Structures are given as structure tokens and as C-alpha cells.
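Reader: I would like to go through this structure by question and answer. Please keep the answers short and end each on what was asked.

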Amino acid sequence: MVDNYLHPPVQEAIVELKFNAAKPYDELKKYSKRFENDYPINEDITSFSQNFGVSPDSKQINVTTHHSLAGIRHLSTDFSSILLLNGDSITTAQSAPYIGWDRFCKQVEKNWTVFSRLSKILQVSRIGVRYINRIDIPYEDNKSDTNVKEYLTFFPDVPAFSSRPVDEFAMTVSAFTDNERWQARVTTGRAVIQPLVNHLSIVFDIDIFTTKKIDGKFSDHFNLLNEARREKNKIFEMYITDKARALFNEAKPKI
Amino acid sequence: MKLNRKFNHSTAGPHSESGAKAEGIFIPSRVGSIGESTSSSGGLSYFRKSQLGINRSNIAQSSEGIGTNPYNYGHNSGETYTNQTENSLMPSFGSVVENDETSARLYRQLYSSLRAAKIQMNEYSNHIDSEWRLGFFRQIENLLHFDSWDPDDNPTSAESFRTFLRLVCYLKAAKRPGLSVTFDGSLVATWRTPNEALSVYCSPNDRIKWTYREATNNQGSQSLAGKCVLKDLPNQLKAILSIMPFEKWAFEFKG
């Protein structure tokens, strides 16, 4: 699966554990020190809301703005490892370069262990595992298009209203998987920013999550993470073609 | 409601100014001052928010919340860490003089610039090897170090870094260039041989200016310069290939 590819296309792997209890910012701030070894940088996450009210005679508009500290973002010095403490969730993420599931999962476990000991929160209400992939498809200099269908099995089948290539597309499907615990949301689309010259970059985003009753036992959370990962891998493999697999295994020279 | 910043599409396109034009040599404010290297050698773009109409509350906490990836559906604004300047966001990134608003603002700008550079570099980790990537991190930390920055200069823009990364991937620049910044915040990559220097000025949206200088026998120098969009750069350089074979600069560009 993803871990077995020479160049897995993972741009960001994310695991989020959500709970019903909410912790205030000041308390989260106290926890931050315990994560400093892995995440030396921290930034406040500010939430901002604005309400508009119109008087009955429509002559006056009242605007109130609310600004508050919602959580703390912890980062490694290369900004690739991230821990997000919000009032009601803990999120561990790893952006590219991907370090593999085993190492990533260990980091999730470590973060959750520290956090649950400090916060005394054990009951999880939602688990989400999300992988955002970017597939960089090369094309020749004299061509401006490439056939995405050769790489993905999930692509808009649109009437040929033009002989020109599709400029933009984005598609999302959402459904329960065959394992009823899990819901999947899968999105593909052309990347807004195209990072490489003479390439078409496609984003392939798989989000697996459950809100069904989750046992309070610590070990169960990690069994569920592995289960979610299996569902994610199944979807990943179903949505790509052998040509895409070859791309991920190509011994391409890096600079 | 979270503050989101929309990122512009930065592909080559309507800015093409093909055809080499002789121009004066551009003198950046910090020419080749750091990290000249002899060694050779990184959520979701991704879509425009409006493209998908996704209700974020239904999605596992993504990099939007984590804020690492400027390809994202959205990206938390710089305000998230403005109140943390005095605590030093980035260890060993220099110290801010307390109660000095000018210094604090500069510190935040440099931190944002460094953050953008590293995050964008991580996105290229499937195309740039780790030695090159880590070497770039060292260079950029030196370049943007708070304690040595002239407050009159503009920190490098994220869009300039994007052009630089597209440049080195496009040319397959195995040899890491020296880095400098112009007064207006454009990153300058300089490759050198004992008697020659090729400098490429990376402006947003793939806009490139380049200069070539060669020392002559009488202790003077001769130079050439041009400007173009990134995609046209190899052709411009090839036009004077007799004096600038790509191999000399360790560009593995094959055309």
C-alpha cells in the first residue's frame, strides 16, 4: 500500500481524535511544554467571528466581532510535523516528506498518551484519518494536457463540449464503507497551485472517520486507527491505475 | 469563522516575455552572501474552496486547522501568532528587542517568510532529495536570520520561493545555488564556477531575470542578462550554450 511505494504521493497525513469535553485555552497552554521536545515551535490559533444584526426598520446595522484564542499549533523546526491542540480535539499531522505509517502512528500514540494523562480525557467521540495525496503527472513540453484517466479511476466523465483540455475539476463522494463503522469522503481535483513545470498535479484526498460509539479503552483507539488505515488503503488502491503505481515506484532522479 | 487567506495560482502563463534582451546587471542587496554550496544534491491543495463547497465541520480536522500547507482549502492568517513574538516563535532565530514594535514586526515578517519557504520546500520532497532540502533549510535560516537582517529590506515572498522551487526542479539543478534576496523580496539563486557566475532572480508567477558574468583576463568582466518566464529559461540559456553548457552548472535539464 502507500508505505510500500518508493515515492508515496502523500502530502499530508492527519489523525484527529475528538472528544466531548472541551478544554480552555489556558489549560492547553500549560500542556504545551510537554510537547516541546518534538515540537519546538508553537503558535496560537485564533478564532474570529463576526455577527451582523439589522434593526427592524433596516436603518441600523450592528456589527459585533468576537476574537478568541482557540488552541495551539505545535510544529517541528522543519514545519513538517504538526500537533494541534484545540479545545475539543487533538490532531497529529505529518506533511511531506512522509515518514511511513509506523512512525507516524507512534507519534500519534505518544501525543495522545501525554495529552490524555494531562487532561484526564479518555473518552473519544470521533476518530478521523485523512491522507492528502498529490500526484504529479509529467507531460511533454509540446503538450498542454495529459489524460488523467490513465492515472485515476475517479474522474469527471463530462460531455466533450470542447476539444480543449479540462482546466479545473473537483469531485467529492461520501459514503459508509463496507465496514459500517467508517465513513469515507474522497475528493479528487486539479491542484490550485501547480508545483511543477510540465506536470499536471492532481490532489487525491481520502478522509476516513467514525462517530460511532468508541470504547474508552486506550488500546482500542489504536486498533481503530489501524482499521481506518486499512479502509483508506483499500480506497487508495481502488482509485489509482497501474500507470499511477508505476509513477510512485519510478526510480526518478531527485535533484 | 476562521480567517482564510486565498492563494493565487502561480503557473507560467500570460507574463511571457520571450526573447533575450540585453539588460544591465541587476545588483541585489545581498549578493551571494551566504551558503554558497559545492555539494549537490521540500493539505490539500489544493482546491479552491468555492470549487467544492465543502462544509468544513464535516471533515476530519485537516491541514486548514493545522495550517501547514498553502495549497490548502484555506490557510490561517498571520494573525494567529502575532501575539507570540516576544516569546520567540522560532528557537535560535534571533531575539526581539522588547517593546520595539519595528523589531517585532520585522521578526514576524521574517518568521512568516522562513515558514513559507520550509513548508513549500517540504511539498517538493518527492522531487528534491533530503540532503538538498536540508542544505536549503540551513541556507534560508542564515539568509532570513533576524539578527543579521537589514530592516530596510523586504523579506522574501512566498511566491518568489515558489518560482525558485519550480526553477530548480525544472532545471534539475543538482548543485545547490547560493541564495540572496533583492531589496523587493525576490530570491536570487547564484551558481558559480571559478570564473563565472549565473544568477537567476525569481519573482512571483514564474517571472525570471538572469545575469551571467565571466571574469576576463584583464581583471575585468563581461556579462549578459535577460528576462523571461521560467518555461522559456532553458531556451534563452541554450541560445548562448557555447559559453554556458548546462553540465558546467550541474543542470540535468534534458529539454
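Reader: Where is Lys120(A) placed in chain A?

Author: The model is a predicted one. Within chain A, helix 2 and strand 6 (126-138) are joined by a loop. Lys120(A) has its place there, in the loop between helix 2 and strand 6.

Reader: Is Lys120(A) buried or exposed?

Author: A residue counts as exposed when its relative accessible area is over 50%. For Lys120(A) the relative accessible area is 69%, so Lys120(A) is exposed.

Reader: What is the phi of Lys120(A)?

Author: Most residues other than glycine have a negative phi. Lys120(A) is a residue other than glycine with a positive value, and its phi is near 65°.

Reader: Which residue of chain B has a phi near 60°, and is that residue buried, exposed or partly exposed?

Author: The residue is Asn205(B), again a positive phi outside glycine. Asn205(B) sits in the loop between strand 3 (196-203) and strand 4 (207-215) of chain B. Its relative accessibility is 23%, so Asn205(B) counts as partly exposed.

Reader: What is the form of the peptide bond from Ala96(A) to Pro97(A)?

Author: Most peptide bonds are trans. Pro97(A) lies in the loop that runs between strand 5 (89-95) and helix 2 (101-119) of chain A. The bond from Ala96(A) to Pro97(A) has omega near 0°, and its form is cis.

Reader: Which residue makes a side-chain polar contact with Tyr5(A)?

Author: Tyr5(A) lies in the segment before strand 1 (10-18) of chain A. Setting aside residues up to four places away in sequence, Tyr5(A) touches Phe236(A), Glu237(A), Ile240(A), Arg245(A), Phe248(A) and Asn249(A). One of these is joined to Tyr5(A) by a polar contact of 2.7 Å between side chains, and that residue is Glu237(A).

Reader: Of Tyr5(A) and Asn4(A), which is buried and which is exposed?

Author: Asn4(A) is found in the segment before strand 1 of chain A. Its relative accessibility is 63%, so Asn4(A) counts as exposed. Buried means under 20% relative accessible area. With a relative accessible area of 11%, the buried residue is Tyr5(A).

Reader: How far apart in space are Leu17(A) and Thr92(A), C-alpha to C-alpha?

Author: Leu17(A) belongs to strand 1 of chain A, and its relative accessible area of 3% makes it buried. Beyond its neighbours within four places in sequence, Leu17(A) has contacts that include Asp88(A), Ser89(A), Ile90(A) and Trp112(A). Leu17(A) and Thr92(A) are 75 residues apart in sequence, and their C-alpha separation is 8.8 Å.

Reader: How many residues are in the largest nonpolar core?

Author: The residues with the most contacts inside this core are Trp112(A), Phe115(A), Phe204(A), Leu225(A) and Ile240(A). Leu225(A), leaving aside neighbours within four places in sequence, is in contact with Val15(A), Trp101(A), Cys105(A), Val108(A), Ile127(A) and Val129(A). Apart from the largest core lies another, of 47 residues, with Leu144(B), Phe146(B), Tyr212(B) and Ile240(B) among them. The residue count of the largest core is 57.

Reader: How do helix 3 and helix 4 of chain B run relative to each other, roughly parallel or roughly antiparallel?

Author: Helix 3 (residues 101-123) and helix 4 (residues 130-143) of chain B pack with their axes 11 Å apart, at an angle of about 170°. Angles over 145 degrees count as roughly antiparallel. The two helices of chain B are therefore roughly antiparallel.

Reader: How many nonpolar residues are in the contact of helix 3 with helix 4 of chain B?

Author: From helix 3 of chain B, the contact takes in Leu114(B), Ala117(B), Lys118(B), Met121(B) and Asn122(B). Facing them in helix 4 of chain B are Trp132(B), Arg133(B), Phe136(B), Phe137(B), Ile140(B) and Glu141(B). By class, one residue is polar, three are charged, and the number that are nonpolar is seven.

Reader: What pattern does chain B follow along the sequence?

Author: Chain B has six helices and five strands, and 55% of its 255 residues count as buried. Read along the sequence, the pattern of chain B is α-α-α-α-α-β-β-β-β-β-α.

Definitions and conventions
Residues are numbered from 1 along each chain as its sequence is written. Chains are lettered from A and ligands numbered from 1 in the order in which they are written. This is a predicted model: local features need pLDDT of at least 70, side-chain atom pairs count only at pLDDT 80 or more; totals for chains, interfaces and linings use all residues. Side-chain values use heavy atoms; hydrogens and water are left out. Axes are lines fitted to C-alpha atoms, for helices over the stretch in contact, and angles run from 0 to 180 degrees between N-to-C directions. Helices (H or I, at least four residues) and strands (E, at least two) are DSSP runs, numbered from the N terminus. Angles under 35 degrees count as roughly parallel, over 145 as roughly antiparallel, 65 to 115 as roughly perpendicular and the rest as oblique. Contact means heavy atoms within 4.5 Å. Ala, Val, Leu, Ile, Met, Phe, Trp, Tyr, Cys and Pro count as nonpolar, Asp, Glu, Lys and Arg as charged, and the others, Gly among them, as polar. A nonpolar core is a set of buried Ala, Val, Leu, Ile, Met, Phe, Trp, Tyr and Cys residues joined through side-chain atoms within 4.5 Å. Buried means under 20% relative accessible area, exposed over 50%, partly exposed in between (1.4 Å probe, protein chains only). A polar contact is a pair of N or O atoms within 3.5 Å; within protein, one must be able to donate a hydrogen and the other to accept it, and residues adjacent in sequence count only if both atoms are side-chain atoms.
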